[in-house]
Amino acid sequence: MNFYVSSYGKGEQKGIYICDLDEKNLKISLVKQILTKDYPSYIITRDQFLYAAFKDAQKGTGGGVGTYIMKKDDLQEYSLFESNGRSYTHLCLSKDKRFLFTANYHVGATAMYALNDNHIERKIGTVHHHGLGIDLLKRQTGPHAHYVGITPDDQYLYSVDLGADKVVMYEYKEGMLKEQTQLNLLMIPGSGPRHMIFSHDGRFSYVINEISNSIMVYSYEQGHYTLIQGINCVPRHFHDFSSAAAIRMTKSGKHLMVSNRGHDSIVLYRVNQETGKILLLYMVHTGKGPRDFNIIDDKYVIVGCQEDNVIELYTFDEENEELKPTNEKLAIPQPVCVAY
């Protein structure tokens, strides 16, 4: 089984790495490296295409988005749109695959691109965020859009802003965004929201806060959020620096996982299917800097440890709620995103 890892490696080490998971022998191996001009910050897949958001590596002239055809043991570049120095940390695809939306962390903006049969035709425009937070480490001196997604009812695009402590809600028609100020989700000052995902039935949303190292759980209905729970990501006795990174839900919707950089762990939560609330089960320590991970078929977890320059393989027995390390690792320079 192939999966994909994006890398911030230096020089010709950066790019997208195609890897193989041998389920029978619990082994992971490198298939091929696809060298990219810029740093692929985030990658997603749909059908037979991979979509990439790029961080500028060309000192003000690079960055942008790209699409690739997923072939057996290969990726074929299909389209590339350079953005003259704009760097993106995340992207999402509209359900009809006509539009691509991106989050620009550095300038605090959400951008829109038009697609035609997965080919990036043009940039439609950019919407700039406003606001700041109270973080003393200077991560909130201005807006920092970190994640974009589409609500389960397909009515709104949302953009998670770490710097402004809010989730900005937009109506989107023909790729054009119109902010719905009355629907914006305002976080506790200093939270630093990073990513937000939804339960599979669309009734609940889960926000991971990078600065406060917490998860906030909300009920969701027609663009409106109601807070129902807040829970920590790191142990209360842990006082060293840590920043929450990625949040994923199993396909069954019964469990949620979060990665912590600093505490260097994957946290496993059980999801109450009726109330949406989550219960901490336990934490499993990882290599340094688990910036991203992915859950494959609710059986395996691939963790990208950016600071250790490795990816790690874990097994997951969902029925028995057992997340276990296999001690299987693969060297990849600065892995920052895992997709399959």
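A residue counts as buried when its relative accessible area is under 20%, and as exposed when that area is over 50%, with partly exposed residues in between. The legends below use these words for a predicted model.

**View 1. Arg-194 and Glu-210 form a salt bridge between their side chains.** The distance from nitrogen to oxygen in this pair is 2.7 Å. Arg-194 belongs to strand 17, whereas Glu-210 sits in the loop between strand 18 (204–209) and strand 19, so the salt bridge ties together parts that are 16 residues apart in sequence. By the cut-off given above, Arg-194 and Glu-210 are both buried.

**View 2. Strands 17, 18, 19 and 20 make up an open sheet of four strands.** The strands follow one another in the order 17-18-19-20, and their pairing is antiparallel. Strand 17 (193–198) and strand 20 (224–232) stand at the edges with a single partner strand each, and therefore one side of each has no neighbour in the sheet. On average, and with direction ignored, neighbouring strands of this sheet are turned by 25 degrees against each other. In general, strands of a sheet pair through backbone hydrogen bonds, and they can do so in a parallel or an antiparallel way.

**View 3. Strand 19 pairs with strand 20 in the antiparallel sense.** Strand 19 covers residues 214–221, and its pairing with strand 20 runs over eight bridges. For Tyr-218, the bridge partner in strand 20 is Leu-227.

**View 4. Glu-328 and Lys-27 meet through their side chains in a salt bridge.** Here the distance from N to O is 3.7 Å. Because Glu-328 lies in strand 28 (residues 322–331) and Lys-27 in strand 3 (residues 27–34), the pair ties together parts that are 301 residues apart in sequence. Glu-328 has a relative accessibility of 13% and so counts as buried, whereas Lys-27, with a relative accessible area of 43%, is partly exposed.

**View 5. Arg-248 and Asp-292 are joined by a salt bridge between their side chains.** The N to O distance of this pair is 3.1 Å. Arg-248 is part of strand 21 (residues 243–249) and Asp-292 is part of strand 25 (residues 290–296), so the salt bridge ties together parts that are 44 residues apart in sequence. Both partners, Arg-248 and Asp-292, are buried.

**View 6. Asp-135, Arg-139, Arg-194, Glu-210 and Arg-261 belong to one network.** These residues are joined by salt bridges that share partners. Across the whole structure, a search finds 16 salt bridges.

Conventions. Residues numbered from 1 in each chain as written. Predicted model: local features only at pLDDT ≥ 70, side-chain atom pairs only at ≥ 80, totals over all residues. Heavy atoms only, no water. Pairing = 2+ DSSP bridges. Helix = DSSP H or I, 4+ residues; strand = E, 2+ residues; numbered from the N terminus. Axes fitted to C-alpha atoms, helices over the stretch in contact; angles between N-to-C directions. Salt bridge = Lys/Arg side-chain N within 4 Å of Asp/Glu carboxyl O. Buried < 20%, exposed > 50% of the residue type's maximum accessible area, 1.4 Å probe, protein only.
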